[in-house]
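Let's take a friendly tour of the empty spaces in this protein model and the parts of the chain that surround them. Have the structure open as you read.

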Amino acid sequence: MFSLKNKNVVITGGASGIGRAIAVLFASQGASIYIIDVDVQAGEATAEAIKKDGFNAQFTLCDITNLDAVTAVFDKISDIDILINNAGVAHVGNASNTLPADFQRVMDINVKGAYNCLHAVIPLMQRNKRGAILNTASIAAHVGITNRFAYSASKGAIYAMTMSVARDYLADNIRCNSISPARVHTPFVDGFIAKNYPGREAEMFKELSDSQPIKRMGTPEEVAMLALFLCADESAFITGCDYLIDGGFVHLNN
Ligand SMILES: NC(=O)c1ccc[n+]([C@@H]2O[C@H](COP(=O)([O-])OP(=O)(O)OC[C@H]3O[C@@H](n4cnc5c(N)ncnc54)[C@H](O)[C@@H]3O)[C@@H](O)[C@H]2O)c1
């Protein structure tokens, strides 16, 4: 079950965190992995670790905010079966204190970056009359997390783009779904705690863990398991869905 043998999988932001865990798991299921990321060191290290285990992976430096760069990378991969639109950045702030430049940066990476990858990959998938796309939204798309205005807006866009793409390409046999994790312990979380709460890292880590009814953060590997199900042929009847993976955050808080 859940074999990805002979599948070519592009993972944006596959160098780190959730994307890395997806790369490792999908490779172990037989896929050929194409990691695209702006972090050369981590990207190459992830590809090397996968190859050392006897599986297929390669890293390409690519900034997903640049459509020409994305198109050039995708055109070199003969057949893309699965796209994991995962790269993303966080930002702390509400509507009144979020500066235009910060809002723009989050939108450029989280929304336009995802659009660029969809725009580049869909014609390739249409040619083959098959494809599975998984976008990474967030619980922020559902509940608008406190003090994450730009981030929540960007993930709301991801949710809507997922539904739009799922609807528009039904006849091309392209499935499109999204996942909405609550906090998952990755460098993304450690990074924003360190940046925004210097000196209070341990306290903030506990506070963020305790904000989830299950009283811990998720692991990247747990998210990768859900991603595997949603991209494997076993979930062929699932499209136009967003899946919470949130330790009860959305439905069990309060
Ligand atoms: N960690 C969480 O708690 C959490 C929760 C919900 C959703 N998410 C989402 O999951 C995704 C992955 O998060 P993570 O926690 O694994 O983050 P991470 O920071 O560990 O990894 C993100 C990767 O994206 C890459 N990236 C950033 N900008 C890029 C660009 N312009 N072009 C190409 N690559 C770029 C980074 O270099 C990094 O390797 C993000 O979309 C994030 O919003 C994370």
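## The enclosed cavity

In this predicted model, the largest cavity holds about 50 Å³ of space. The count of cavities of 30 Å³ or more comes to one.

Which residues line the largest cavity? They are Thr12, Ile64, Asn85, Asn86, Ala87, Asn110, Ala114, Thr136, Lys155 and Ile158. By class, that lining has five polar, four nonpolar and one charged residues. Helices α4 and α6 each supply at least two residues of it; α4 runs over 100–128 and α6 over 149–168.

## The largest pocket

Turning to the open spaces, about 760 Å³ lies in the largest pocket. Its lining counts 36 residues, and the closest to its centre are Asn86, Ala87, Gly88, Val89 and Phe188. Two of these names may look familiar: Asn86 and Ala87 also line the largest cavity.

The chemistry of the pocket lining is worth a look if you are thinking about its surface: there are 21 nonpolar, nine polar and six charged residues. Elements that each give at least two residues include α1 (17–28), β2 (32–37), α6 and α7 (187–196). Of the elements, α7 gives the most, with four residues. At least three residues come from each of domain 1 (8–182 + 220–244) and domain 2 (187–217).

## The second largest pocket

How much space lies in the second largest pocket? The value is about 280 Å³. Among the 13 residues lining this pocket, Ala90, Arg105, Gly191, Phe192 and Lys195 are the closest to its centre. The lining divides into six nonpolar, four polar and three charged residues.

Helix α7 turns up again here: the largest share of the lining, six residues, comes from α7. Both α4 and α7 supply at least two residues. Where does the second largest pocket lie relative to the two domains? It lies between them, because domain 1 and domain 2 both give residues to its lining.

## How α7 meets α8

Since α7 features in both pockets, here is how that helix is placed against a partner. The axes of α7 and α8 (residues 201–210) come within 9 Å and cross at roughly 130 degrees. That angle makes α7 oblique to α8, as angles over 145 degrees would be needed to count as roughly antiparallel. The crossing of the two helices, α7 and α8, is right-handed.

Notes
Residues numbered from 1 in each chain as written. Predicted model: local features only at pLDDT ≥ 70, side-chain atom pairs only at ≥ 80, totals over all residues. Heavy atoms only, no water. 1 Å grid on protein atoms, 1.4 Å probe; cavity = no way out; pocket = protein on both sides within 12 Å on 5 of 7 lines; lining within 4 Å. Points joined across faces, edges and corners; volume = space filled by probe spheres on them. Nonpolar A, V, L, I, M, F, W, Y, C, P; charged D, E, K, R; others polar. Domains from an automatic or database assignment. Axes fitted to C-alpha atoms, helices over the stretch in contact; angles between N-to-C directions. Parallel < 35°, antiparallel > 145°, perpendicular 65-115°, else oblique. Left-handed = near helix turned anticlockwise from the far one by under 90°.
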